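Welcome, and thanks for taking a look at this model with us. Please have the sequence and your viewer ready before reading on.

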Amino acid sequence: MTGHASQPSRVFSFPVRVYYEDTDLAGVVYYANYLRFMERARTEWLLAQGISQVALRDAEGLLFAVTAVDIRYLKPARFEDRLVVTVELTRRRRASLEVDQRILRDGPEGELLCTARVSAACLSVEGLRPRPIPGHLFREGD
């Protein structure tokens, strides 16, 4: 699956289908799996901007690590639902970034199921110490 960036708002959208393995005994998506869907969307968002996390690690010795998640579960997703997970960069600091994410049922204009604010730090691979985000990443207008 591939995502696409919505030009006017710079909100990235990534489609996900709920599989049986994603659900709990009640037949709804297990709460931790929303975080997995969001992680996939963030990875695809970076790739859509030409940022490979493997290349960033190998070429520059850097990685992004999630430092905080504020998540709100509003309505349940169920087996075979078609979801859209969005990513929007809301803040870029010297060595960290913050994104807002949403999970909707039936497309970008669909029913809102979950929201989250995710903070991630840019760290050195060696020592896991904070490092500045390289200037070529997340330029103004990205």
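Here is a short tour of the fold, its strands, its core and a few chosen residues.

## Ground rules

This is a predicted model, so to speak, with cut-offs attached: local features need pLDDT of at least 70, side-chain atom pairs count only at pLDDT 80 or more, and totals for chains, interfaces and linings use all residues. Residues are numbered from 1 along each chain as its sequence is written, and side-chain values use heavy atoms, with hydrogens and water left out.

## Overall fold

The protein has two helices and six strands, where helices (H or I, at least four residues) and strands (E, at least two) are DSSP runs numbered from the N terminus. Along the sequence these elements follow the order β-β-α-α-β-β-β-β. The radius of gyration is 16 Å, close to the 14 Å that the globule rule gives for 142 residues, so the protein is as compact as a globular protein of that length. For that comparison, the radius is taken over C-alpha atoms, and the rule is 2.2 Å times the number of residues to the power 0.38. The C-alpha trace spans about 45 × 35 × 25 Å along its principal axes.

Of the 142 residues, 37% count as buried; here buried means under 20% relative accessible area, exposed over 50%, and partly exposed in between (1.4 Å probe, protein chains only). The accessible surface comes to about 8500 Å², and carbon and sulfur atoms hold 50% of it. These areas come from the Shrake-Rupley method with a 1.4 Å probe, and for residues only the protein chains shown count as cover. A contact means heavy atoms within 4.5 Å. Among contacts with a separation of 6 or more, 64% link residues 24 or more positions apart.

## How the strands pair

Two strands are said to pair if DSSP finds at least two bridges between them. β3 and β6 do this in the antiparallel sense over eleven bridges, and Arg72 has Thr115 in β6 as its bridge partner. On β5, Arg102 also has Thr115 of β6 as a bridge partner. β5 and β6 run antiparallel and are joined by ten bridges, with Gln101 standing opposite Ala116 in β6. The hairpin of β5 and β6 has five residues between the strands, and Asp106 takes a positive phi near 65° there.

β4 pairs with β5 as well, antiparallel over nine bridges, and Val85 is matched with Ile103 in β5. These two strands form a hairpin with three residues between them. Both β5 and β6 are well covered: seven of the ten residues of β5 are buried, so β5 is largely enclosed by the rest of the structure, while ten of the 14 residues of β6 are buried.

## The nonpolar core

In soluble globular proteins, nonpolar side chains tend to be buried together. A nonpolar core is a set of buried Ala, Val, Leu, Ile, Met, Phe, Trp, Tyr and Cys residues joined through side-chain atoms within 4.5 Å. Which members of the largest core touch the most others? Among its 32 residues, they are Phe64, Leu83, Ile103 and Phe138. At least two residues of this core come from each of β2 (11–17), α1 (31–48), β3 (62–73), β4 (82–92), β5 (96–105) and β6 (111–124).

Ile103 is a good one to click on. Beyond its neighbours within four places in sequence, Ile103 is in contact with Tyr34, Phe37, Met38, Leu83, Val84, Val85, Glu111, Leu112, Leu113 and Cys114.

## Cysteines and two residues to compare

Cys114 is buried at 0% relative accessibility, and Cys122 is buried at 0% too. With a disulfide defined as a pair of cysteine sulfur atoms within 2.5 Å, a search of the whole structure finds zero disulfides.

Is Arg82, in strand β4, buried or exposed? Arg82 is exposed, with a relative accessible area of 53%. Leaving out neighbours within four places in sequence, Arg82 is in contact with Val16, Arg17, Leu104, Arg105 and Asp106. The C-alpha atoms of Arg82 and Tyr19 are separated by 9.8 Å, with their positions 63 residues apart along the chain. Ser124, in strand β6, counts as buried at 7% relative accessibility. With the same neighbours left aside, Ser124 is in contact with Gly61, Leu62, Arg129 and Arg131.
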